[in-house]
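Here are my notes for your first reading of this structure. Please keep the sequence and the 3D view open side by side as you go through the points.

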Amino acid sequence: QMCEVKTKRWTWKGSNIRYQVAGEDSNGPPMLLVHGFGGNAQHFRNNIPILGKVGPTYSIDLLGYGYSDKPDPGPWERKNEIYNFENWADQVLDFIDEVVGEPSFVVCNSVGGCVGLQASVEDKKSLIRGLVLFNISLRMLHTSKQLPVARPFVTLLQYVLRETFIGPAFFSSVAKKDAVRSILRQCYGDPNTVTDELVDVILKPGLEPNASKVFLDFISYSGGPLPEDLLPKIKVPVLIGWGDADPWEPIEKGRMYADFKCVEDFIALPGVGHCPQCEAPNLVNPMVINFVQKHS
């Protein structure tokens, strides 16, 4: 048995934001689900109808993704001014404050994990009760993680992709069904979970106006906070789950996050890739429910 999922809109700082909600009238603990790079609210389509039976569950499109507005990121000199973790963290906190209306648990995947951590660090109103993070982005393109000799070349590549015809041409080559399917099959542990429905969920919002500019702006983002900078500042309980077959964010590197004081548990998900919530909801949903009920 699953809850009905409704799609709604919210205006935030003049931008139109799409979100989905299930179990809106439930008296249980609220949950907010935050997607990663190139994802959107529907990347949690296997979770929201189940979690909505436990408490009101919201899944949001971050600014620039899904069917939320995609303001133009502007010239190179203004890169990452709109699409950065501080701004998305503000979006998450304002959403909990204005839409959910009570402190919530935040469940994140990939780059969304950095957003959830940043939001928790900025959280002056105690709006976040706990964090569940799946395969947090290790941010390997961050300036501090690049070899000094490589930095000028990385910056040049980012500039060429963002500012010349090469970037849009590259985006056009990956914004096709076969390319999206191939990328997903690379990062999902079980290729059979990469269905036509999933390909459409990821691809269709990428064809919206300005989607390529947001994509190219984000791959030029080598600044901002790292998870290891944020975790020592977190005051709420944190649960980390990690698909051990993730080729992009290897679990060997992810395990270092288990050592931080706020992290209650680090759970390896065998055979699962980069997006456990989508690929292995049978493992993820009980993990989230147990954590939320434990802290409610």
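How far is the sulfur of Cys114 from the closest cysteine sulfur, and which residue holds that closest sulfur?

1. The coordinates come from a predicted model, so each value below is computed from that prediction. As for the question just asked, the closest cysteine sulfur to that of Cys114 belongs to Cys108 and is 9.2 Å away, which is too far for a bond, because a disulfide requires two cysteine sulfur atoms within 2.5 Å. A search of the whole structure agrees with this, since it finds 0 disulfides, and Cys108 accordingly takes part in none, its nearest cysteine sulfur being that of Cys114. Cys108 counts as buried, at 0% relative accessibility, and Cys114 is likewise buried, with a relative accessible area of 0%.

2. Cys114 also leads us to a pair of helices, for it is among the residues of α3 that touch α2. Two packed helices are described by the angle between their axes and the distance between the axes. For helix α2 (residues 85-100) and helix α3 (residues 111-122), the axes come within 8 Å and cross at roughly 70°, which makes α2 roughly perpendicular to α3. On the α2 side the contact is made by Phe85, Glu86, Trp88, Ala89, Asp90, Val92 and Leu93, while α3 contributes Val111, Cys114, Val115, Gln118, Ala119 and Glu122. Sorted by class, the contact of α2 with α3 has 9 nonpolar, 1 polar and 3 charged residues.

3. Another helix pair deserves a careful look, namely helix α5 (residues 166-174) and helix α8 (residues 211-218), which pack at an angle of about 110° with their axes 10 Å apart. These two helices are therefore roughly perpendicular to each other. The residues in contact are Gly167, Pro168, Phe170 and Phe171 of α5, together with Ala211, Ser212, Phe215 and Leu216 of α8. By class, this contact of α5 with α8 has 6 nonpolar, 2 polar and no charged residues.

4. Helix α8 also contains Asp217, and this residue counts as buried at 0% relative accessibility. Leaving aside residues up to four places away in sequence, Asp217 touches Pro73, Lys79, Asn80, Tyr83 and Arg162.

5. Of the residues that Asp217 touches, Asn80 is worth inspecting for its backbone, because it has a positive phi of about 65° although it is not a glycine. Asn80 is found in the loop between β4 (57-60) and α2, and it is buried, with a relative accessible area of 13%. Ser126 also has a positive phi, near 55°, without being a glycine; it is found in the loop between α3 and β6 (128-134), and at 52% relative accessibility Ser126 counts as exposed.

6. Please finish with His35, which lies in the loop between β3 (31-34) and α1 (48-51) and is buried, with a relative accessible area of 0%. Its side chain reaches the backbone oxygen of Gly39 at 3.4 Å, and a polar atom of that side chain lies 3.0 Å from the backbone nitrogen of Leu62. Not counting residues up to four places away in sequence, His35 touches Asn40, Ala41, Phe44, Ile60, Asp61, Leu62, Tyr65, Asn109 and Gly112. The C-alpha atoms of His35 and Glu252, which are 217 residues apart along the chain, are separated by 22 Å.

Conventions. Residues are numbered from 1 along each chain as its sequence is written. This is a predicted model: local features need pLDDT of at least 70, side-chain atom pairs count only at pLDDT 80 or more; totals for chains, interfaces and linings use all residues. Side-chain values use heavy atoms; hydrogens and water are left out. Axes are lines fitted to C-alpha atoms, for helices over the stretch in contact, and angles run from 0 to 180 degrees between N-to-C directions. Helices (H or I, at least four residues) and strands (E, at least two) are DSSP runs, numbered from the N terminus. Angles under 35 degrees count as roughly parallel, over 145 as roughly antiparallel, 65 to 115 as roughly perpendicular and the rest as oblique. Contact means heavy atoms within 4.5 Å. Ala, Val, Leu, Ile, Met, Phe, Trp, Tyr, Cys and Pro count as nonpolar, Asp, Glu, Lys and Arg as charged, and the others, Gly among them, as polar. Buried means under 20% relative accessible area, exposed over 50%, partly exposed in between (1.4 Å probe, protein chains only). A polar contact is a pair of N or O atoms within 3.5 Å; within protein, one must be able to donate a hydrogen and the other to accept it, and residues adjacent in sequence count only if both atoms are side-chain atoms.
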